[in-house]
Amino acid sequence: MKFIFLFFYFFLLGLQGKANNPYPAQPGSLYLAWPTPNPSFAKGLGYHTFLQKTGPDKEFESGSYGCVRNNGYKFHEGIDLSPVQTALNGRAEDSVFSAMSGIVRHINDKPSDSAFGKYVVLEHTDFNPILYSLYGHLDSIDPMIEEDRFVNTAQRLGRMGNTASFSIPLNRSHLHFEIGIRLSDNFQKWYERQPFKTQNKHGNYNGYNLVGLDPLKFYSAYKNSRFASPMDYIRSLGEITKVQVPHRQTPDLILRNPGLSPSFDPRASISSWICSFGSNGIPLKLTPSGTHCPQIKILEYNQSLEIGRCRKLVVLKNGKLAPSELLNACLEILFID
C-alpha cells in the first residue's frame, strides 16, 4: 500500500472550509491527513507552533505524548493541537478533520460524560492492524457525523473546543488527538469487575480499551516514508517486555487483527500465549504456545525502552520481575473470560 500525505493541500482545504476527500481514491493508496488546518508540523516547525501547552507557565512539550504532565508522573496518551484561528474571546474557530478514512464508531455529545468532553472515535479498517483515531474536547460535532457512517480522509468532523468533564479555559481550546489499537470486544465484562463508581457510557470505545501510539512519531514515520504500512511501523517499535500468559482461548484482538499473530493456527492446541508489548502497553505480537505455565511470567524485559516513570510495564516484586498495574490491566482486558 502506498501512503500519501495531504498536509499542504489539506491546509488550503481547511482554510476554505471544504470538508471531503481532496483526492479521488486510487487503488493501492492510503491517505493520511493532519487533523487541523495548521501546516506547522508538515513544515517541520517546533512544538510551539502547533501544540497547546497545559498552562502559561508550562512547556509546550506538556501538550505532547508520554509522561509529560505533573513533573513526569502523569501520562498523556495523545497530543493537544492548538488552533490557528481564534475569536476575540479566545474561542477556537478551527475545524477538525478525520486523519484517515474510516467508520464512525462512537460519538459522545455530552461533555460531562467524559474527560474527553464531546468526542468522536473513528475505526480505520483499511489498515492492518485496524487503527482507531480519537478527537476530543470538541465544541461541536457536525450533524452528518453519525455512528456507523463512513467518512473520507480530511472530512470535517466538527469544531475545536474546550469541552470536558472538568474545566478547560476558553483560551486553551484545543484538539486532543489519539491514534491507537482497541484491545477487546468484551471490554464491558472487564469494566464490571473493577471497583469503578461510574457507569461505562462509552462501550468498547472507553479510553481504557484504546491503547495509544505516539501520534507525532507515527506521522513523522510516514511523512519521511520510513515505513510502508502501519504493521511495519508497529513492528519497528521497541519490545519492552515479553510475557507468557496461561490462556487456552484466542483473544478477539487476534481474530480482528491476524497480522499481530502471524504464526496463529486455529487448529493447534493452545495452552498459553507469548505476548510482546511496546510502550504504553501496545501489543506488538501475540504467539500461541502449547507450553503450559501456571501463572503470568515475565520472559524478557528491556528497561531502557520504558518511556517514563509514569507508565512502566514491569516492576520488581519480592525480588522478581512482575507485570505492573498497567500491564496487568492490559492482559486482563485482552484475555477476559
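Let me start with one pair of residues: Ser-276 has Lys-285 as its bridge partner in E16. I should say at once that what we are looking at is a predicted model. That bridge belongs to the pairing of E15 with E16, which is antiparallel and runs over six bridges. The two strands make a hairpin, with five residues between them, and in the turn Asn-280 has a positive phi of about 70°.

Now to the sheet around that hairpin. E15 and E16 are part of an open sheet of four strands, whose order is E16-E15-E14-E17 and whose pairing is antiparallel. Strand E16, residues 283-289, and strand E17, residues 297-301, stand at the edges with a single partner strand each, so one side of each is left without a neighbour in the sheet. On average, and with direction ignored, neighbouring strands of this sheet are turned by 20° against each other.

On the E17 side, the partner is strand E14, residues 241-246, and the two pair in the antiparallel sense over four bridges. Within that pairing, Val-243 stands opposite Ile-298 in E17. Helix H6, residues 325-334, packs on this sheet, where it touches E14, strand E15 (272-277) and E17, and the direction of the helix makes about 45° with that of E14.

From the sheet I turn to the disulfide. How many disulfides does a search of the whole structure find? The search finds one, and it joins Cys-67 to Cys-310, with 2.0 Å from S to S. The link is left-handed, with -90° about the S-S bond. As for its place in the chain, the pair links distant parts: Cys-67 is in strand E3, residues 66-69, whereas Cys-310 is in the loop between E17 and strand E18 (314-317), and the two are 243 residues apart.

Since Cys-67 sits in E3, let me stay with that strand for a moment. E3 and E4 run antiparallel and are joined by two bridges, and in this pairing Arg-69 stands opposite Lys-74 in E4. Here again we have a hairpin, with four residues between the strands, and Asn-70 in its turn has a positive phi of about 50°. Asn-71, which lies in the loop between E3 and strand E4 (74-76), also has a positive phi, about 60°, although it is not a glycine.

E3 also brings us to the second largest pocket, which holds about 480 Å³ of space. There are 26 residues in its lining, and Tyr-65, Asp-214, Lys-217, Ser-279 and Ile-307 are the ones that lie nearest its centre. Which elements give two or more residues to this lining? They are E3, E13, helix H3 (215-223) and helix H4 (230-236), and H3 gives the most, with four residues. By character, the lining residues divide into 14 nonpolar, eight polar and four charged.

Beside that open pocket, there is the enclosed space to consider. The structure holds one cavity of 30 Å³ or more, and about 50 Å³ of space lies in the largest cavity. Its lining is made by Tyr-132, Ser-133, Leu-134, Glu-178, Ile-179, Gly-180, Leu-210, Val-211 and Gly-212. Three strands each supply at least two residues of that lining, namely E9 (131-141), E12 (175-182) and E13 (210-213). Strand E13 therefore comes up in both places, given that it is named for the cavity and for the pocket. The cavity lining divides into five nonpolar residues, three polar and one charged.

One last backbone detail concerns the approach to E9. The peptide bond that leads from Asn-128 to Pro-129 is cis, with omega near 0°, and Pro-129 is found in the loop between strand E8 (118-124) and E9.

To draw the parts together, the two hairpins I described are E15 with E16 and E3 with E4. Strand E3 carries one end of the disulfide, at Cys-67, and gives residues to the lining of the second largest pocket. Strand E9, which follows the loop with the cis bond at Pro-129, helps to line the largest cavity.

Key. Residues numbered from 1 in each chain as written. Predicted model: local features only at pLDDT ≥ 70, side-chain atom pairs only at ≥ 80, totals over all residues. Heavy atoms only, no water. 1 Å grid on protein atoms, 1.4 Å probe; cavity = no way out; pocket = protein on both sides within 12 Å on 5 of 7 lines; lining within 4 Å. Points joined across faces, edges and corners; volume = space filled by probe spheres on them. Nonpolar A, V, L, I, M, F, W, Y, C, P; charged D, E, K, R; others polar. Pairing = 2+ DSSP bridges. Axes fitted to C-alpha atoms, helices over the stretch in contact; angles between N-to-C directions. Contact = heavy atoms within 4.5 Å. Disulfide = S-S within 2.5 Å.
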